[in-house]
Amino acid sequence: MADFNQKSTVNISCPLGLAPTLKEEIIALGFTPKEIRETGVEIEATLNDCISLNFWLRTAHRVHYLIDEKPIHKPDDLRNWVKRLPWEEWIPHEGYFSVTSRVDHHTIENDQFANLVVKDAVVDRIRYKKNVRPDSGSDLQKSVLFLFWNQDVARIFIDTSGESLSRRNYRTATAAAPMQESLAAAIVQSTNWKPGMHFINPMTGSGTLAIEAAFIALNKAPASVRNNFGFMHLVGYDDEIYQKVRDEAKKSALKEIDGKIIATDHDPQAVLSAQKNAKTAGVDHLIEFECCDISKTHIPDGDGVVVVNPPYGMRLGEDTDLRPLYKEIGDFMKSNCAGKTGYVFTANMALAKKIGLRAASRTQFFNTTLECRLLEFELYSGSKKD
Ligand SMILES: C[S@@+](CC[C@H](N)C(=O)[O-])C[C@H]1O[C@@H](n2cnc3c(N)ncnc32)[C@H](O)[C@@H]1O
């Protein structure tokens, strides 16, 4: 059975652009990054560590625990190698598993083919050892294996997450163009907002930014609403350890916060969705929702940030139609938000010019593959000199 105390290489994947934030989160959890890549961070850790990592990382997508690596030159090598690994010690022989992969090798045109080779080799091995054939398919709710085959080296991992960690399980209602939860968490952590300050989020849509801010303000684990992970479906999994991680997280979460979290949108359906999602997330009592135009969003006195994710033309509405909206965002920030730091997250730099404010910084992000920027505005009353 799997030894949950055995250390191995653990590769933690994240969306493009989020590795620097992920690295900081990993260090804060007490691990030392060995390597930082464009879409992930590598550490040494046990499967028990993976339980905490899955539970606490806000910007990660998957936590992969390395089983073996080998030079592999053709599909037959892959088949023979995988067949020799003791899968009966990892995958319940009467269980269900799936295989995912990222392959860059001249013998493989389609990743699905590599998945099939791995799947058949695992089934053959378990049938030979246990005389029973596990079920397999594309569902990521049970045991999941991940093959990474780049040029002539292949690595095979247990995917201890299963479904992406960005799926926190609270977003049961969606509005137009919702943002990935991991991206929202990275944006919140990239602003100069700190728990205790106000977090104001006009154009909240399904409420992702406000909900992620509430999680951070409470020190609430991002996966606390989720109840299924890949590690739960491994031979040797001990639920007590997971329950301990959950209980400790519950104890360390705050009940109340100091600053206000305000979420508004002019679409009543979006506000209803955001409220519903916040309720599922268990943070609805901390967020003040209002259905109103951005210009009517209440800005409380005191330190805080105003974070706006407007439509940006590629996904909703057209560029020209959106110009007045971007001007309205700039006017609102100038006239109503003095003393706060303003942020606009957009993929459309032509529209961003219509805001009419000078950005103090432009942080690059990717919304899946679309390049975006988080623009930061220092909002003074009068001019900076005054
Ligand atoms: C790109 S979506 C925000 C998505 C959000 N970040 C999420 O994760 O769901 C933009 C939102 O701006 C809202 N909106 C557009 N124009 C507005 C205005 N003038 N005042 C207030 N909200 C507006 C839309 O209703 C939409 O929900």
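**Helices 5 and 6.** I began with the packing of helix 5 (residues 181–190) against helix 6 (residues 208–218) in this predicted model. I noted an angle of about 65° and a distance of 9 Å between the two axes. The crossing of helix 5 with helix 6 I recorded as right-handed. I then listed the residues that make the contact: helix 5 supplies Glu181, Ala184, Ala185, Ile187 and Val188, and helix 6 supplies Thr208, Leu209, Glu212, Ala213 and Ile216. Sorted by class, this contact has seven nonpolar, one polar and two charged residues.

**Helices 3 and 4.** I next looked up helix 3 (residues 75–84) and helix 4 (residues 111–130), which pack at an angle of about 35° with their axes 8 Å apart. I entered this crossing as right-handed. On helix 3 I found Pro75, Leu78, Arg79, Val82 and Lys83 in the contact. On helix 4 the contact is made by Ala114, Val117, Val118, Ala121, Val122, Asp124 and Arg125. By class I have eight nonpolar, no polar and four charged residues for the contact of helix 3 with helix 4.

**Sheet of eight strands.** I traced an open sheet of eight strands with mixed pairing and wrote its order as 2-3-1-4-8-7-5-6. Strand 2 (35–37) and strand 6 (135–136) are its edge strands, each pairing on one side only. At the strand 6 edge I examined strand 5 (residues 96–104), which runs parallel to strand 6 and is joined to strand 6 by two bridges. I identified Asp135 in strand 6 as the bridge partner of Tyr96. I also located helix 1 (residues 19–28), which lies across strand 1 (8–13), strand 2 and strand 3 (40–45). Helix 1 runs at about 20° to strand 3.

**Sheet of seven strands.** I then followed a second open sheet, in which seven strands take the order 11-10-9-12-13-15-14 and the pairing is again mixed. Its edges are strand 11 (287–291) and strand 14 (361–367), each with pairing on one side only. For the turn between neighbouring strands of this sheet I noted an average of 20°, direction ignored. At the strand 14 edge I found seven bridges to strand 15 (residues 370–378), and the two strands run antiparallel. Phe366 stands opposite Glu371 in strand 15. At the strand 11 edge I looked at helix 8 (residues 268–281), which lies across strand 10 (261–265) and strand 11. I recorded about 165° for helix 8 relative to strand 11.

**Domains.** I consulted the domain assignment of the chain, which gives domain 1 as 8–159 and domain 2 as 181–222 + 255–378. Between the C-alpha centres of the two domains I have 35 Å. I found 11 residues of domain 1 in contact with 11 residues of domain 2. The side of domain 1 that touches domain 2 has six nonpolar, four polar and one charged residues.

**Ligand.** Last, I looked up the surroundings of the ligand and found 21 residues there. The closest are Met203, Gly205, Ser206, Thr208 and His266. I note that Thr208 also belongs to the contact of helix 6 with helix 5. The shell around the ligand divides by class into 13 nonpolar, five polar and three charged residues.

Definitions and conventions: Residues are numbered from 1 along each chain as its sequence is written. This is a predicted model: local features need pLDDT of at least 70, side-chain atom pairs count only at pLDDT 80 or more; totals for chains, interfaces and linings use all residues. A residue is near a molecule or strand if its C-beta atom, placed from the backbone, lies within 6 Å of it. Ala, Val, Leu, Ile, Met, Phe, Trp, Tyr, Cys and Pro count as nonpolar, Asp, Glu, Lys and Arg as charged, and the others, Gly among them, as polar. Two strands pair if DSSP finds at least two bridges between them. Helices (H or I, at least four residues) and strands (E, at least two) are DSSP runs, numbered from the N terminus. Axes are lines fitted to C-alpha atoms, for helices over the stretch in contact, and angles run from 0 to 180 degrees between N-to-C directions. Two residues are in contact if their C-beta atoms, placed from the backbone, lie within 7 Å. Domain bounds come from an automatic or database domain assignment. A crossing is left-handed if the near helix is turned anticlockwise from the far one by less than a right angle, and right-handed if clockwise.
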